[in-house]
Amino acid sequence: MNNFRLRSINMLDIKQMIASILEKEIPTLDDETIYNMLEYPPEDNMGDVALPCFKLSRILRKSPVQIAEELVNKIPSDPRIEKVESLSGYINFFLNRQEFIKEVVSTALRDKNKYGSRDIGKGKNIVIDYSAPNIAKPFHIGHLRSTAIGNSLYKIFEFLGYNSIGVNHLGDWGTQFGKLIVAYKRWGSKESIENGGIKELMDIYVEFHDEAEKDPSLEDEARQWFVKMEKGDKEALELWQWFKEISLKEFNRVYELLDVRFDSHAGESFYEDKMPPVIEELKEKNLLTESQGAMIVDLEEYQMPPCLIIKNDGSTLYATRDITAAIYRKDTYDFEKCLYVTGAAQSLHFNQWFKVIELMGYDWHDKLVHVPFGIVSLGGEKLATRKGKVVLLEDILSEAIKKTLRIIEEKNPNLENKEEVARQIGVGAIVFSDLSSNRIKDVSFSWDEILNFDGETGPYVQYTHARTSSLLKRAEENVDIGFDASLLSSKEEFQLVKTLYLFPDKLVAAMDELEPSIITRYLVDLAQDFNRFYHEHPILVEDKDLRQARLALVLAVKYALANGLKLIGLNAPERV
RNA sequence: GCGCCUGUAGCUCAGCUGGAUAGAGCAACGGACUUCUAAUCCGUAGGCCAGGGGUUCGAAUCCCUUCAGGCGCGCCA
């Protein structure tokens, strides 16, 4: 999504600052080019921003070492820069630390819970399709990915000024309901379903598949029930509605725990009556061809298998629904982008129907974006609802909450509202873990790993945030931008500020790459730098000026941690 | 068979718009609580960046190729 890409959005952009100085000294290059050549050096003794001169070598026909040395001497002194050095072909810029610290910390203190936010998406709508569980099937660990990634993207776009529209495209239509009706009539009862909820529905669904292997006529029966649903049969629709209610009740319980909300729940059934005109349109545009009794859009020209629109029995498919839904959403929301947060296994499907939208002549086809993620496996095996091989998300969340409560009882038994804090941290641990590696990687579910609260975890970052709160509460004094930055002179403090400085850029990178894990990992870095600082330097010291300066840094970090946590869908409790 | 994705420390992963000695966490071992919450911090150990070619002043990063794993490839979503 390169059209989201911006240069740094920092008010204080140190690369920009240095690029504009260099531009005057290197007339052959514009500041844009120089800007992109600048990098952050790996070691402290190499300064804070560096320009490798190797590429200049060819243009200027001199050795990189020579170029670096000559340029260093030409660069005029600047109050924002402490010194400039040349080292083996690099020009290393050392910032005026005091000024840099002042600027970065003050910005955070001024912006507070808006720190890092922007209005670059002002007036633009982003539709995000995520979660989308199937009715009557359990909400398992695999569904968490779509939910967590989508929810986080929702918040990131909002924070950067877009108007996000969250859509839960519920899987609430299809032949599986026919199967459920058959199963219910044979093995279910009103009471058992009322009591057992989705677990009971799943059990009879699994039973259906077991029995259907022996008796294939059950499949026909199921299909007939689905046909009845489509024809508006009262009994069928009442059962469907009932299954849906039971499922939604449970889903909502999970969404409540996760703090996830949607702006629309228009699912598959919503598009039932909207498909015929779209099919008509496909016909009019001469895109449909008959093949083996079905209607398809041929995509051979584009090196893809055909996109199936209508089955040979006349019923529609998911591509039909997705095409219809996309057109509906474009009409309804006039989106800048419409994101589909679903598994990587569906890539081909999305490429196919995106192409169909293009062939229909819609110029907004390039605003549709599939946001794929890797699969969750369980001990190396794929999760399969039909086999009953699942780990329910609710079970994982409640285990994590229980564990958190035990830790609180042990470490901080006098904590107020333990239950709520335990929920925030327990759930946070799970969500954080799910958002900590690149979306595309497959993950293997492990109880040990997901219930680990040490190291690079949600509880670690939340704990660090609570530390900042605790310090500020104990201090009981006003912290403002009047602090003396020259007192923050240690390497831990400077390192912490350097990391803090990156926060706004990380948000843009996360949006640009549609990758919440960029924020998750950043928070770990920031928390690590903070904890080192915390360990090394007492904050609540006697000296008022020093205390004020350190508290200002603590508060600035607190804003970044809290805002970052919020953007990946976690709470930031004041006390743990 | 064709296509897409992945392969970095024992494990889980960063780093991939090429740049300075490849970084974290977990696990292991050794340290640090009379002091702001030890869900913390410090140290030790652990790498032919899957293999092989190429491009380049410079490759974990780009290109080609081989291997391994995952996923997909017409009436499920």
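Ala, Val, Leu, Ile, Met, Phe, Trp, Tyr, Cys and Pro count here as nonpolar, Asp, Glu, Lys and Arg as charged, and the others, Gly among them, as polar. This is a predicted model, in which local features need pLDDT of at least 70 and side-chain atom pairs count only at pLDDT 80 or more, whereas totals for chains, interfaces and linings use all residues. Residues are numbered from 1 along each chain as its sequence is written, chains are lettered from A and ligands numbered from 1 in the order in which they are written, and side-chain values use heavy atoms, with hydrogens and water left out.

**Exercise 1.** Describe the surface near RNA strand B by its residue classes and by the elements that supply it.

*Solution.* Begin with the residues: 64 of them surround RNA strand B (near means that a heavy atom of the residue lies within 4 Å of the strand), and the closest are Y90, K311, Y318, K411 and Y463. By class, this surface divides into 30 nonpolar, 15 polar and 19 charged residues. Turn next to the elements (helices, H or I, of at least four residues and strands, E, of at least two, taken as DSSP runs numbered from the N terminus): those that each supply at least two residues include α3 (54-60), β3 (90-95) and α12 (318-333), while α17 gives the most, with 7 residues.

**Exercise 2.** Work out which parts of RNA strand B face the protein, and give individual atom pairs.

*Solution.* Of the strand atoms within 4 Å of the protein, 63% belong to sugar or phosphate and the rest to bases. For the phosphate oxygens, one is 3.0 Å from an N or O atom in the side chain of R321, and one is 2.9 Å from such an atom in the side chain of S470. For D442, the partner of a side-chain N or O atom is a sugar or linking oxygen, at 3.2 Å.

**Exercise 3.** Characterise the contact between domain 2 and domain 3 of chain A.

*Solution.* First set the bounds, which come from an automatic or database domain assignment: domain 2 covers 125-278 + 312-387 and domain 3 covers 398-567. The contact (heavy atoms within 4.5 Å) takes 29 residues from domain 2 and 28 residues from domain 3. Next, the two domains bury about 2,400 Å² between them, 69% of it on carbon and sulfur atoms, where buried area is the accessible area (1.4 Å probe) lost on putting the two parts together, summed over both. In domain 2, R145, I156 and L257 lose the most area to domain 3. Finally, R145 also forms a salt bridge with D434 (a side-chain nitrogen of Lys or Arg within 4 Å of a carboxyl oxygen of Asp or Glu), the closest N and O atoms being 3.5 Å apart.

Methods:
A polar contact is a pair of N or O atoms within 3.5 Å; within protein, one must be able to donate a hydrogen and the other to accept it, and residues adjacent in sequence count only if both atoms are side-chain atoms.
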